[in-house]
Amino acid sequence: MKNILLALCVAFTIALFAGCNQNYSPKPKGFYRIDLPEKSYTLFDSTCPFTFEYPVYGTIVPDDSKNAEPCWFNISFPKYKGKIHLSYKVVKNNVGGYIEDCHNLAYEHAFKADGIEESLIVSKGRHIY
């Protein structure tokens, strides 16, 4: 029994030291390359009191969220897995409330971002910061 326990301890120690010989370095900063098609736009015109142009590779989809209002739309870009959310509100002496809504919406994500743990990696000899 002692021999088995001793063999396991030796194997664990060897595995521990063998795994520590690798040098870790973070991946270099990279940027996504998105090749967009030629610039070409089409006019969006509806019963809403506005018009605008949007790229021909996007599609207009009515907003289907539970709080959606009549003139709310999404421009969907399926090839790029992206959406632009468009909402329309009539502003009549209530712009302060809408600005506050924008701030609340922006800060709603802050608690999620706080959960991301950062770690500092510095290796001056290899110029990694």
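The following dialogue discusses how to read several features of a predicted model.

Biologist: How many disulfides does a search of the whole structure find?

Modeller: In general, a disulfide is a covalent bond between the sulfur atoms of two cysteines. In this predicted model, a search of the whole structure finds 1 disulfide. Cys 48 and Cys 71 form it, with their sulfur atoms 2.2 Å apart.

Biologist: Is the link of Cys 48 and Cys 71 left-handed or right-handed?

Modeller: The link is left-handed, with -105° about the S-S bond. As for its placement, Cys 48 lies in the loop between strand S1 (41-45) and strand S2 (51-55), while Cys 71 lies in the loop between strand S3 (59-62) and strand S4 (73-77), so the disulfide ties together parts that are 23 residues apart in sequence. Both Cys 48 and Cys 71 are buried.

Biologist: Which residues make up the largest nonpolar core?

Modeller: That core has 7 residues, and the two cysteines of the disulfide, Cys 48 and Cys 71, are among them. The others are Phe 44, Tyr 54, Phe 73, Ile 75 and Phe 77. Strand S4 supplies the largest share of this core, 3 residues. Beyond its neighbours within four places in sequence, Phe 77 is in contact with Pro 55, Tyr 57, Gly 58, Gly 82 and Ile 84.

Biologist: Is Ser 76 buried or exposed?

Modeller: A residue counts as buried under 20% relative accessible area. Ser 76, in strand S4, has a relative accessible area of 15% and is therefore buried. Setting aside neighbours within four places in sequence, Ser 76 is in contact with Tyr 57, Gly 58, Thr 59, Val 61, Gly 82 and Lys 83.

Biologist: What does Trp 72 touch, not counting residues up to four places away in sequence?

Modeller: Trp 72 touches Pro 62, Asp 63, Asn 67, Leu 86, Ser 87, Tyr 88 and Lys 89. Trp 72 lies in the loop between S3 and S4, and counts as buried because its relative accessibility is 16%. Separation in sequence and separation in space may be read side by side: Trp 72 and His 85 are 13 residues apart in sequence and 7.8 Å apart in space, C-alpha to C-alpha.

Biologist: Which residues make a nonpolar surface patch?

Modeller: Tyr 32, Ile 34 and Leu 36 make such a patch, of about 440 Å². Tyr 32 is placed in the loop between helix H1 (2-19) and S1. A residue counts as exposed over 50% relative accessible area; Tyr 32 has 84% relative accessibility and therefore counts as exposed.

Key. Residues are numbered from 1 along each chain as its sequence is written. This is a predicted model: local features need pLDDT of at least 70, side-chain atom pairs count only at pLDDT 80 or more; totals for chains, interfaces and linings use all residues. Side-chain values use heavy atoms; hydrogens and water are left out. A disulfide is a pair of cysteine sulfur atoms within 2.5 Å. Helices (H or I, at least four residues) and strands (E, at least two) are DSSP runs, numbered from the N terminus. Buried means under 20% relative accessible area, exposed over 50%, partly exposed in between (1.4 Å probe, protein chains only). Patches are made of residues with over 30% relative accessible area and no salt bridge: like charges are joined within 9 Å, nonpolar side chains (Val, Leu, Ile, Met, Phe, Trp, Tyr) within 5 Å. Accessible areas come from the Shrake-Rupley method with a 1.4 Å probe; for residues, only the protein chains shown count as cover. A salt bridge is a side-chain nitrogen of Lys or Arg within 4 Å of a carboxyl oxygen of Asp or Glu. A nonpolar core is a set of buried Ala, Val, Leu, Ile, Met, Phe, Trp, Tyr and Cys residues joined through side-chain atoms within 4.5 Å. Contact means heavy atoms within 4.5 Å.
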